[in-house]
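Student: I would like to go through this structure with you and ask, label by label, what justifies each description.
Tutor: Gladly; let us look at it together and set each value against its cut-off.
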Amino acid sequence: MTITKRSPGRLIDALSGLLAAGSALATAELAAAWINPQAAPLIAVGGAVIDAVPRPLKELAVSVFGTADKPLLLGGMAVVLAAFAAGIGVLARRNWTVGWLGIAALSLLGAAAALARPDSALLDALPAALGGFVAMGVLQALLAVSRPRLAPTPDAPVAATSEEAEASEPATSELPQQPSAAETFNRRGFVALASTAAALSAAGGVTGRWLAASSGGTAASQAAVRLPRPASPAAAVPDGADLEIAGLAPFFSANEDFYRIDTALATPRIDATTWRLRIHGRGVNERTYTYADLLAREDIVERDVTLACVSNPVGGDYVDNARWIGIPLEALLREAGIRPPREGGPADQLVSRSSDGMTIGTPVDDVMDGRDAMLALGMNGKPLPVEHGFPVRMVVPGLYGYVSACKWLVEMELTTFDAFDAYWVPRGWAAQAPIKTQSRIDTPRQGDSVSLDSGTTVPIAGVAWAQNVGIDRVEVSVDGGPWQQARLAAEDTADTWRQWVFDWPAEPGSHELRVRATDRSGQTQTADTAPPAPDGATGYHTVNVTVT
Ligand SMILES: Nc1nc2c(c(=O)[nH]1)N[C@H]1C(S)=C(S)[C@@H](COP(=O)(O)O)O[C@H]1N2
Ligand SMILES: [Mo]
C-alpha cells in the first residue's frame, strides 16, 4: 500500500475515459442487437470506412491482409477510439464541457454512420445516442469518485490539484508509508466502480453480440428449411473429376472452407419467413416472392458452379466450387414479362440489391442466354450458410462475383448500364466483367523443397477454370522450357473448375514452374500480367521449388 499525495493522475483519468467508451460500446451493442445489428456504431463506422476507402488502398489491404482485413479494420478502429476516449477522460477532468463535447462528437459520428447505411431508419441512431449518454454518466461518476480528497496526513498537507501535486512531486516520493486513509483519492471506491463498469460492459457486449448473432429468427428459420428435391438434378460427377492428389484443392469446396468476400462487417441476418424478393423496373410486371414461394416451385435445379472473385490475384484462392440448388433465373425473369435486349427488351442491366444495400449489376443478356444463372437457396446440400447469402443469393456461371453473385438478395431492378452504376463501378471496377480463363498450381507450392526419393517424377497439379466455356488444355513449362501438356481430370461441367496433373521428371536443383490453360473457345491465357483491377488479373501462375 503506497501513499500518494498526487491527485489520481492522468492514468486514472485516461482509464476512466476508456471505461466510459467501453460502457458506451456495450450499451450500443445491446441496443443494436434489438434494433438493427448494422446500426452498432463500430460496425456502422467501419462500413462507412469500407465504402469510402479508395480502390488502391482497398486492394492493398486485401493483398496484404486477405480476408483478415475486416477484423484488422475493427481492431484499428478500436485502437483509435481508445486513444480518443483516453484523451477525453484526461480533458474532462479539467473541463467537463470539453469531455462532454468529445463524447457527443463520437456518438454523433456513430449515429451519422448508422443513418448513412442504405435502408436505415431513424431508430438506427439510437444505439450510438444511448451509448453517448451512458458514457457521459460513467465518466462523470468515475471522475467524481476519483476526485482528489483533502485528506491531510500527519506530516504534510495534501495537494489539492494536480498542478500543485506535480510541483511537489520530488518531496512526495520521500514520504513514509501511511495508512490508506491518507490517500488522496478514494481508490477503493474507484476500483469498485471501475471494475463494475468493466464487468457490466463486458457482459453487455458479449450478450449484444450473442443476441445479434441469433437475432431475427435467422437461426430458427434456417434450421427449419427443408431443401426441395430438384426437378432437374445435377448429373453425377464423373469418376476421375477429383484426382485426389495431396495438396490439390478438392473438387468441391466445403461450405466452411469456401472463400468469402463481401463488404459486410456484420453478416446480415435475415428471417426467411419474412423475407421478400421484389422484381421491378423497366419492362417488368412487378412481382414479389416469398421464400416459401421459391421452395414450392416446380422448376428447381441443381448445378455445379465454380465462383471466382475479381480480386483474386494470379495463383490466389478466391475461387471455389460448390453444388448449388436454386431457381433458374431466366424462368423467374420471364414470369415477370422481362425480355433481354437481344429480344428488344428495354433494360440491359439487372441490378440486384442485398439487405445491406450492396448493389450488383449483371447484363440481362447474360443471365437469359441459356446458361445456368440461378437464385441459389442451397449450397452443397445445405441451406445457404449465413456468410454465403442466406436465404437467397445469385449464382451466374462465367461472371465474377461482384457483377453477379449478390448475397442476401432482396430486390432485383431492371434498368440500364447508362442509368445506374452498381456499388463497385464508381470505385474503379469495370461495369461488366466475365471471368478470365485462369489456372493455378496447387502442388508443389511456392518455396517447397521436394525430395525425389519417393519416385522419379514429381506430380505438379492444380486447377484451371473458364466458367461457361470450359477448359480444353492445360500446359506446364519448367524453367522457361517448352509447354508440355498436363493430363486433365474428367470434366464435370463447363461451369466448374477442372483439375490437372503433370508428372514431372524432375532433376535435382532449383526450378521455376509455370502453368497456362486454353479454354474451349481456343483462347489461351495471356502471358501479360495485369492486376485484379479493373476487371480481373492475368498472367501465368509461377512457383519456384527446389528438388533434392
Ligand atoms: N451482398 C453482397 N453480396 C456480394 C458481395 C458483397 O459484398 N455483398 N460480394 C460479392 C463478391 S465480390 C464476391 S466474389 C462473391 C463472393 O461470394 P462468397 O462470399 O459466397 O464466396 O459475393 C458477391 N456478393
Ligand atoms: Mo469478388
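Student: Where is P391 found?
Tutor: In this predicted model, P391 is found in the loop between β8 and β9, and a cis peptide bond with an omega of about 10 degrees joins F390 and P391.

Student: Which other residues does a cis peptide bond join, with omega about -5 degrees?
Tutor: Those are T443 and P444, and P444 lies in the loop between β11 (438-443) and β12 (449-450).

Student: What makes F258 and W324 an edge-to-face pair?
Tutor: The structure holds nine aromatic pairs, and in the one formed by F258 and W324 the rings are 5.9 Å centre to centre with 80 degrees between the planes. Ring centres must lie within 6.5 Å to pair, and planes over 60 degrees apart count as edge-to-face, so both conditions are met.

Student: Why can one say that this pair ties together parts of the chain?
Tutor: F258 lies in the loop between α10 (218-223) and β1 (276-281), whereas W324 is in strand β4 (residues 319-328), so the pair ties together parts that are 66 residues apart in sequence. Ring pairs also link F258, Y259, Y318 and W324 into a cluster.

Student: Are F258 and W324 buried or exposed, and how do you know?
Tutor: The cut-off for buried is under 20% relative accessible area. F258 has 5% and is therefore buried, and W324, with 0%, is buried as well.

Student: Why is the pair of Y291 and F390 called edge-to-face?
Tutor: The angle between the planes is 65 degrees and the rings are 6.2 Å centre to centre, so the angle is over 60 degrees and the centres are within 6.5 Å. This pair links distant parts of the chain, with Y291 in helix α11 (residues 291-295) and F390 in the loop between β8 (382-383) and β9 (393-395), 99 residues apart. Y291 counts as buried at 5% relative accessibility, and F390 counts as buried at 1%.

Student: How do you know that H388 and K407 make polar contacts with ligand 1?
Tutor: A polar side-chain atom of H388 lies 2.6 Å from an oxygen atom of ligand 1, and a polar side-chain atom of K407 lies 2.5 Å from an oxygen atom of ligand 1. A polar contact needs a pair of N or O atoms within 3.5 Å, so both pairs qualify. For S354, an N or O atom in the side chain is 3.3 Å from a nitrogen atom of ligand 1, so that pair qualifies too.

Student: How much of the area that ligand 1 exposes when taken alone does the protein bury?
Tutor: Taken alone, ligand 1 exposes 530 Å², and the protein buries 99% of that. By class, the shell around ligand 1 has 10 nonpolar, four polar and five charged residues.

Student: What makes N468 partly exposed?
Tutor: The relative accessible area of N468 is 33%, which falls between the 20% and 50% cut-offs, so N468 is partly exposed. N468 has a positive phi of about 75 degrees although it is not a glycine, and N468 lies in the loop between β13 (458-465) and β14 (471-478).

Student: Why is D479 called partly exposed?
Tutor: D479 has a relative accessible area of 44%, also between 20% and 50%, so D479 is partly exposed.

Notes. Residues are numbered from 1 along each chain as its sequence is written. Chains are lettered from A and ligands numbered from 1 in the order in which they are written. This is a predicted model: local features need pLDDT of at least 70, side-chain atom pairs count only at pLDDT 80 or more; totals for chains, interfaces and linings use all residues. Side-chain values use heavy atoms; hydrogens and water are left out. A polar contact is a pair of N or O atoms within 3.5 Å; within protein, one must be able to donate a hydrogen and the other to accept it, and residues adjacent in sequence count only if both atoms are side-chain atoms. Accessible areas come from the Shrake-Rupley method with a 1.4 Å probe; for residues, only the protein chains shown count as cover. Ala, Val, Leu, Ile, Met, Phe, Trp, Tyr, Cys and Pro count as nonpolar, Asp, Glu, Lys and Arg as charged, and the others, Gly among them, as polar. Rings of Phe, Tyr and Trp (its six-membered ring) pair if their centres lie within 6.5 Å; planes under 30 degrees apart count as stacked, over 60 as edge-to-face and the rest as tilted. Helices (H or I, at least four residues) and strands (E, at least two) are DSSP runs, numbered from the N terminus. Buried means under 20% relative accessible area, exposed over 50%, partly exposed in between (1.4 Å probe, protein chains only).
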